[in-house]
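Q: Could you take me on a close look at one part of this model, starting with a charged residue and then moving on to the sheet?

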Amino acid sequence: MSRPEPFINHRPHLACVLLASSAPHLLCQHSPFPLPTYFDQVSVLEQSSLHFVRCFKPNDKKVPDLCETEVVARQLHTSGVLDALRVARTGFPDRQPFADFCGTFAALYKGDRDVFDAKPEKERCVLLLKQLEVPADKYRVGKERIFFASGMLSLLREKRVALMASVAILLQARRHAALLLPPPPPPPRARPTSPNSCS
């Protein structure tokens, strides 16, 4: 009976990772997986915001530049992506902390800004949403943030962009009007007084 080969011959990638995590001093300098590279990748992952990426095959023939709708639709259905989107649309997928919401959309508030700024952040958010006539079933107020139904946060952002565009147009109009006006006449020059004149 032949003796089985060492573990590292069967799984070199996994063996290198295990060796790097348990006994990094045993890795040689000529290893195909350098130690600094491994720990650099781990540090990058720890500092990143991870997102789940779902990949789909465009066709079953494995040829480039060919996208078959039926193949992609079948993968979307079997992977549960469509069900996840359906659940997200029925809930409140978008959310923002009170401070971020007030800082972004406070320009849409129409009223006394001193009274508005004196209120707590949570009350400011509710007051702003009521003034913007956001339906009550389209948002929920939590302890630290606001939850929005699908599409509602995008609608508020469109209103903010429209307000910023109107302000920019008004400033440009005033600037052009100031350029078209004739310059003001110079002030009259004071007549010099002679030193021998009597007071």
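A: Happy to. R124 is buried (under 20% relative accessible area with a 1.4 Å probe, protein chains only; exposed is over 50% and partly exposed lies in between), yet R124 has no salt bridge (a side-chain nitrogen of Lys or Arg within 4 Å of a carboxyl oxygen of Asp or Glu). The nearest side chain of opposite charge is E121, 4.2 Å away; here Lys and Arg count as positive, Asp and Glu as negative, and His and the chain ends are not counted. R124 sits in helix α8, residues 121-131 (helices are DSSP runs of H or I with at least four residues, strands are E runs of at least two, both numbered from the N terminus). Beyond its neighbours within four places in sequence, R124 is in contact (heavy atoms within 4.5 Å) with C102, F116, D117 and K119.

A word on the basis: this is a predicted model, where local features need pLDDT of at least 70, side-chain atom pairs count only at pLDDT 80 or more, and totals for chains, interfaces and linings use all residues. Residues are numbered from 1 along each chain as its sequence is written, and side-chain values use heavy atoms, with hydrogens and water left out.

Now to the sheet. Three strands form an open sheet in the order β1-β3-β2, with antiparallel pairing (two strands pair if DSSP finds at least two bridges between them). β1 and β2 (139-141) are the edge strands, each pairing on one side only. β2 and β3 (residues 145-148) pair in the antiparallel sense over three bridges, and Y139 stands opposite F148 in β3.

Q96 belongs to strand β1, residues 94-97. Q96 counts as buried because its relative accessibility is 11%. Not counting residues up to four places away in sequence, Q96 touches F101, F105, R145, I146, L153 and R157.
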